[in-house]
Amino acid sequence: STVLGAILLTAADVVGRIVARPSEIDVGIVTALIGAPFFIYIVRRQKVRAL
């Protein structure tokens with residue numbers, strides 16, 4: 001998870017710098033945009049298993 005976390009933050013930083021040129025989007029915003037759908041997927045999957 002350490003390696004994947006570092007890769008995720010590096011990729012989010014690069015995407016944030018490229019998308020909104022010449023300014024930047026904060027790495028936290030890009031990470032949230034990536035992580036929120038993944039979190040929703042995990043929660044829904046757990047609810048389906050509970051049924």
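The dialogue below introduces the features of one predicted protein model.

Colleague: Which secondary structure elements, and how many of them, does the protein contain?

Modeller: The model is a predicted one. The protein has two helices and zero strands. Helix H1 covers residues 2–19, and much of what follows concerns residues in that helix.

Colleague: How does the radius of gyration of the protein stand against that of a compact globule?

Modeller: The idea is to set the value for the chain beside the one expected for a compact globule with its number of residues. For 51 residues that expectation is near 10 Å, whereas the protein has 14 Å. The spans of the C-alpha trace along its principal axes can be read alongside this: they are about 50 × 20 × 10 Å.

Colleague: What share of the residues is buried, and what supplies the exposed surface?

Modeller: Of the 51 residues, 8% count as buried. The protein exposes about 4400 Å², and 70% of that area comes from carbon and sulfur atoms.

Colleague: Is Ala12 buried or exposed?

Modeller: One compares the relative accessibility of a residue with a cut-off; under 20% means buried. Ala12, in helix H1, has 0% relative accessibility and therefore counts as buried.

Colleague: Which residues does Ala12 touch, apart from its neighbours in sequence?

Modeller: Neighbours within four places are left aside, and the remaining contacts of Ala12 are Val27, Val30 and Thr31. A distance between C-alpha atoms adds another view: Ala12 and Asp26 stand 14 residues apart in sequence, and their C-alpha atoms are 8.7 Å apart in space.

Colleague: Where does Leu9 lie, and which residues is it in contact with?

Modeller: Leu9 belongs to helix H1. Outside the four places on either side in sequence, Leu9 is in contact with Val27 and Thr31. Both of these are also contacts of Ala12. The C-alpha atoms of Leu9 and Val30 are 8.9 Å apart, although 21 residues separate the two along the chain. Leu9 counts as partly exposed because its relative accessibility is 46%, a value that falls between the cut-offs of 20% and 50%.

Colleague: Which residues form a nonpolar patch on the surface?

Modeller: A patch is read as a group of side chains that share a character and lie on the surface. Here the group consists of Val3, Leu4 and Ile7, whose accessible area together is about 330 Å². Leu4, one of these three, lies in helix H1 and counts as exposed, with a relative accessibility of 62%.

Colleague: How many salt bridges does the structure hold, and why can such pairs form?

Modeller: When charged atoms come close, side chains of opposite charge can pair. The structure holds two salt bridges. In one of them, Asp13 pairs with Arg17, and their closest N and O atoms are 3.1 Å apart. In the other, the side chains of Glu24 and Arg17 meet at 3.3 Å, N to O.

Colleague: How far apart in helix H1 are Asp13 and Arg17?

Modeller: Asp13 and Arg17 are four residues apart in helix H1, so about one helical turn separates them.

Colleague: How exposed are Asp13, Arg17 and Glu24, and what joins them?

Modeller: Asp13 is partly exposed, with a relative accessible area of 28%. Arg17 is likewise partly exposed, at 42%. Glu24, at 51% relative accessibility, counts as exposed. Salt bridges with shared partners join Asp13, Arg17 and Glu24 into one network.

Terms used. Residues are numbered from 1 along each chain as its sequence is written. This is a predicted model: local features need pLDDT of at least 70, side-chain atom pairs count only at pLDDT 80 or more; totals for chains, interfaces and linings use all residues. Side-chain values use heavy atoms; hydrogens and water are left out. The radius of gyration is taken over C-alpha atoms; the globule rule is 2.2 Å times the number of residues to the power 0.38. Buried means under 20% relative accessible area, exposed over 50%, partly exposed in between (1.4 Å probe, protein chains only). Accessible areas come from the Shrake-Rupley method with a 1.4 Å probe; for residues, only the protein chains shown count as cover. Contact means heavy atoms within 4.5 Å. Patches are made of residues with over 30% relative accessible area and no salt bridge: like charges are joined within 9 Å, nonpolar side chains (Val, Leu, Ile, Met, Phe, Trp, Tyr) within 5 Å. A salt bridge is a side-chain nitrogen of Lys or Arg within 4 Å of a carboxyl oxygen of Asp or Glu.
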